[in-house]
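Me: I am new to protein structures. Please take me through this one in short questions and answers.

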Amino acid sequence: DRFCNRMMTPRFSPLARRGIITGPRFTPIVQALPSIVPFVAPEEIERSRGRRFAVRLGANELTFGPSEKAVRAMAEASSSAWMYGDPKSYELRAALADQHGVDPLNIVVGEGVDGLLAYTAHLLIAPGDALVTTRGTYPTLNYFVAGRGGHLHTVPYGDDDRQDLDALLAKAWEVDAKVLYLVNPDNPSGTWHPAERIEQLVEGLPPGCLLLVDEAYHELGVDFDANAHVAVDDLRVLRLRTFSKGYGLAGCRIGYALGAPEIISAFDKVRNHFGIGRVSQAGALAALQDQPHLHSLRGRVAHARATLGGIADEHGLAALPSATNFVTIDCGRDGAFARLILAELLERDIFVRMPGAAPLDRCIRVSCSDDTDLAVFRAALPAALEAAHSKMSPPGACKV
């Protein structure tokens, strides 16, 4: 009993007894931020449900997996994992420079696009600085900007479900934006803008505004030369790429930025110099050198996009145009209806996601995968749609 009482009685320090509570003194910016994260991981959802998904089609991962050469390179490199990775990523940067026809000084390697977005916000955003983006596009940069005390200014998607470049440009001029953030091809819509529209956007930027182009899905798109005519030394543009999508190395967290040396060298002031491990560098280098594998994957992804489009058609739904490894399916009603479909698919152990903001929240987003995984999705969708229609229909109404 004495032990129980001792355990149940709070033991306060002398400071606490005097009403003085010590702890970390977070910055005012951090104290004002809500305690949220950009995404709830599929593993977290599985833990909360108590069971695994039948298929994982919601994280835009390349379910076909990486090149066998990349897998072998990482296996071989694992024995040297006791050493830190090369902080300069010298061999990888040299190979990337050769691939793009640029100088290694035009390239910095980071922990995926997300890591590079964090560093970019650190470099460019101070309290009160303005960033312009599309409401509902890939949201991670928003959190980094908020964490720096910056101001987000958003415009909606256009009527064609593409990012509205004219509206973005007008907003950038209106708020004197330091950064205009464009995801091309876009996540979560899957849509894209061709090279000539990007070039026009660059020429229309207000003075001192950087166009930050997130090209995570570039290798899987339909315009492989997008932005090729924007000079890599143009101080108005910074482009981000990743090995997570087309190269199937999402778990390795490795990507790179292409830009003018004056921009790229600034990353050395703020980046984690030992953030990329040896195994990840070896896998990325081998994946980059296996271009035949990437070309074959493009065909498999295109086939999966067509399959998902066909599944949508079977149920009177519409697939948005996609230049990515996912297809965004218009469910024909509103966000409430799409959320019901999402929940019903989850009940059937199908993990997919949906855009978070109108007007795209009328859609669900399904990752490309092999025929076996997509057959599971195809089998589950009719019952999910029927249940969602039933729950949306008013009492006494005819149910579809």
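Reply: Start with a term: buried means under 20% relative accessible area, exposed means over 50%, and partly exposed is in between (1.4 Å probe, protein chains only). Helices (H or I, at least four residues) and strands (E, at least two) are DSSP runs, numbered from the N terminus. The model is predicted: local features need pLDDT of at least 70, side-chain atom pairs count only at pLDDT 80 or more, and totals for chains, interfaces and linings use all residues. Residues are numbered from 1 along each chain as its sequence is written, and side-chain values use heavy atoms, without hydrogens and water.

Me: Within what arc do the buried residues of H10 fall, seen down its axis?

Reply: Helix H10 covers residues 195–203, and its buried residues are Ala-195, Ile-198, Leu-201 and Val-202. Take the directions from the helix axis to the C-beta atoms, since the arc is theirs. The buried residues line one face of H10, because the arc that holds them is 120 degrees.

Me: Why can residues three or four places apart point the same way in an α-helix?

Reply: Think of the helix as a spiral stair. Such residues point the same way because an α-helix has, for each turn, 3.6 residues.

Me: Which strands are among what covers the buried residues of H10?

Reply: Contact here means heavy atoms within 4.5 Å. The cover includes helix H9 (165–175). It also includes three strands: S5 (179–183), S6 (210–214) and S7.

Me: Which strands are at the edges of the sheet of 7 strands?

Reply: Two strands pair if DSSP finds at least two bridges between them. The open sheet has the order S2-S8-S7-S6-S5-S3-S4, with mixed pairing. An edge strand pairs on one side only, and here that holds for S2 and S4 (151–155).

Me: In S5, which residue is the bridge partner of Val-132?

Reply: Strand S3 (residues 130–134) runs parallel to S5, and 2 bridges join them. The bridge partner of Val-132 in S5 is Leu-180.

Me: How many residues of S8 are buried?

Reply: Strand S8 spans residues 255–259. Gly-255, Ala-257 and Gly-259 point one way, Tyr-256 and Leu-258 the other, and all are buried. So S8 is mostly covered: of its 5 residues, the buried count is 5.

Me: Which residue of S7 stands opposite Ala-257?

Reply: Look at both neighbours of S8. Strand S2 (residues 107–110) pairs with S8 in the antiparallel sense over 4 bridges, and Val-108 stands opposite Ala-257. Strand S7 (residues 237–242) also runs antiparallel to S8, joined by 5 bridges. Opposite Ala-257 there stands Leu-240.

Me: Which residues of S2 point the other way from Ile-107 and Val-109?

Reply: All four residues named for S2 are buried. Ile-107 and Val-109 point one way, and the other way point Val-108 and Gly-110.

Me: What angle does the direction of H6 make with that of S2?

Reply: Helix H6 (residues 90–100) has Leu-92, Arg-93, Ala-95, Leu-96 and Ala-97 buried. They pack against S2, S8 and helix H12 (278–289). Axes are lines fitted to C-alpha atoms, for helices over the stretch in contact, and angles run from 0 to 180 degrees between N-to-C directions. H6 packs on the sheet, touching S2, S7 and S8, and its angle with S2 is about 130 degrees.

Me: Are H7 and H8 roughly parallel or roughly antiparallel?

Reply: The axes of H7 (residues 112–124) and H8 (residues 140–147) come within 9 Å and cross at roughly 30 degrees. Angles under 35 degrees count as roughly parallel, over 145 as roughly antiparallel, 65 to 115 as roughly perpendicular and the rest as oblique. Therefore H7 and H8 are roughly parallel.

Me: Is the crossing of H7 and H8 left-handed or right-handed?

Reply: A crossing is left-handed if the near helix is turned anticlockwise from the far one by less than a right angle, and right-handed if clockwise. Asp-114, Leu-117, Ala-118 and Ala-121 in H7 meet Thr-140, Leu-141, Phe-144 and Val-145 in H8. The crossing is right-handed.

Me: Which residue in S10 is the bridge partner of Ala-318?

Reply: An open sheet of 3 strands has the order S9-S10-S12, with antiparallel pairing. S9 and strand S10 (residues 326–330) are joined by 2 bridges. The partner of Ala-318 is Asp-330.

Me: Is Glu-68 buried or exposed?

Reply: Glu-68 is in helix H5 (residues 68–77). Its relative accessibility is 60%, so Glu-68 counts as exposed.
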